[in-house]
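The exercises below each set a task and then work through it step by step. Please keep the sequence and the model at hand while you read.

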Amino acid sequence: MEEKDLLQEQYGFLLQGYRDTGASKVLETDQGLYYMYAVPAGYKYKNKFIERVRNHLNQQQDIKMLKLVKTVGGQAHFISDEQLFYLYRGVREGEQEDPHFAAGQSLAQFHQATSTFTGDKLFMPYSSLGNWPSMWRKKLRHYNEYRDELDEENVELTSMDEFLLTSYTYVHQLGEIAVQYLQAAGYDKVVKETAGLGKVAYQNFDQGYMLWNEKDARLIGGEWNWVLDMRARDVGQWIKAETKRSGWSDDFVASFIDGYNSVSALLQGEYAVIYGLLLYPGRFLRLVEAYKELPIEERQEVNVEAWQKQLEDELAHMEEGLRKYPHLVEKRYGASIPQIDWLWRQIDEEATSIRNEEADR
């Protein structure tokens, strides 16, 4: 059953159109607007954690949740094709004079509201706090294992496999540098210093989680994407998502951080942790993992050009930001973050070399 038919069956409306917002889809129906979010089906086991955080936020004056819509069968969500879908009732959205500043400000208020959340030790399976280096290295090991599989003599390589092999050195070294950078920047210390500044974050924060109605009231959604983690995660993921969407912009990033700092200023150490997150090619590795999990016959039929473009975009969009971010945060926020030798790709994309960033100034 197609997604359109499935939604109409589950919610009893007639779907007339939709548009993407980054984190969600805005559904246009004969019964008004809805916001739809999707996560892996395994997230259904987070229901007790989600309920606990929702109850906590409901006690906060500045943070309000969007209204969850139940299916015709009275369920809070439905599952199809290994995905969990859930909807909120749409609202009349208000225009923000500076949407990037407003997004940063709203995110900071969300983190501030979760700073007093209790019971987090009961939900350790949903916690990534303090585990970034080990998680990143685990994903890099999986990437290494896949590369070793492709190197076996009896494996028939597709053009997609060949692309991944030529990208391997660059991506692997980028990931290793990110882990080393994170540790050198005092990640463990920052985790402890920010423990009381926000306990809940999003899996991959993006626009579409924070909304404003026509009365300028802040509303949030996307609860099945919540995890226990430090606030720097959301700031870094927003920068990644916005850079992929619009390209790097000093003005956009500065406006977002200004908005965040207007509520709860980032600590000096957080700027370096955020840079470590920007360095790490997490989205690239997730795409590779998704390709690897495809049945062999499906791998043969993928649109190689589309996949390669998506993977290449994940790297290319961040390169300018990785050069400019350290200068931006030092000039604007006085955060002199650790300098590194940058990994530059050669034109043929098959080899890499290291040269000092200072040499390019």
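**Exercise 1. Find which helix gives the most to the positive patch, and describe one of its residues.**

Step 1. Helix 4 gives the most to the positive patch, with three residues, where helices (H or I, at least four residues) and strands (E, at least two) are DSSP runs numbered from the N terminus. The model is a predicted one, in which local features need pLDDT of at least 70 and side-chain atom pairs count only at pLDDT 80 or more, while totals for chains, interfaces and linings use all residues. Residues are numbered from 1 along each chain as its sequence is written, and side-chain values use heavy atoms, with hydrogens and water left out.

Step 2. The patch of positive charge on the surface gathers Lys-138, Lys-139, Arg-141 and Arg-286; patches are made of residues with over 30% relative accessible area and no salt bridge, like charges being joined within 9 Å and nonpolar side chains (Val, Leu, Ile, Met, Phe, Trp, Tyr) within 5 Å.

Step 3. Lys-139 has its place in helix 4 and counts as partly exposed at 39% relative accessibility, given that buried means under 20% relative accessible area, exposed over 50%, and partly exposed in between (1.4 Å probe, protein chains only).

**Exercise 2. Determine which residues form the negative surface patch, and place Asp-148.**

Step 1. The negative surface patch is formed by Glu-145, Asp-148, Glu-149 and Glu-152.

Step 2. Asp-148 is placed in helix 4, which covers residues 132–151, and Asp-148 is partly exposed, with a relative accessible area of 46%.

**Exercise 3. Work out how the buried residues of helix 2 are arranged around its axis.**

Step 1. Within helix 2 (residues 47–57), the residues Phe-49, Ile-50, Val-53, Arg-54, His-56 and Leu-57 are buried.

Step 2. Viewed down the axis of helix 2, these buried residues fall within an arc of 160°, so they line one face of the helix; the arc is that of the directions from the helix axis to the C-beta atoms.

Step 3. The exposed residues Lys-48 and Glu-51 are carried on the face of helix 2 turned away from its buried side.

**Exercise 4. Trace the salt bridges of Lys-189 and Lys-244, and say where their partners lie.**

Step 1. The structure holds 14 salt bridges, a salt bridge being a side-chain nitrogen of Lys or Arg within 4 Å of a carboxyl oxygen of Asp or Glu.

Step 2. In the salt bridge between Lys-189 and Glu-193, the closest N and O atoms are 3.9 Å apart. Because Lys-189 and Glu-193 are four residues apart in helix 6 (residues 187–193), about one helical turn separates them. Lys-189 counts as exposed at 56% relative accessibility, whereas Glu-193 counts as partly exposed at 41%.

Step 3. Lys-244 and Glu-314 meet through their side chains in a salt bridge (2.6 Å, N to O). Lys-244 lies in helix 7 (residues 232–246) and Glu-314 in helix 12 (residues 304–333), so the pair ties together parts that are 70 residues apart in sequence. Lys-244 is partly exposed, with a relative accessible area of 33%, whereas Glu-314 counts as buried at 12% relative accessibility.

**Exercise 5. Locate Glu-82 and state the sign of its phi.**

Step 1. Glu-82 lies in the loop between strand 6 (78–80) and strand 7 (83–89), and Glu-82 is exposed, with a relative accessible area of 62%.

Step 2. Phi of Glu-82 is near 65°, which is a positive value in a residue other than glycine.

Definitions and conventions. Accessible areas come from the Shrake-Rupley method with a 1.4 Å probe; for residues, only the protein chains shown count as cover. Lys and Arg count as positive and Asp and Glu as negative; His and the chain ends are not counted. The place of a charge is taken as NZ of Lys, CZ of Arg, CG of Asp or CD of Glu.
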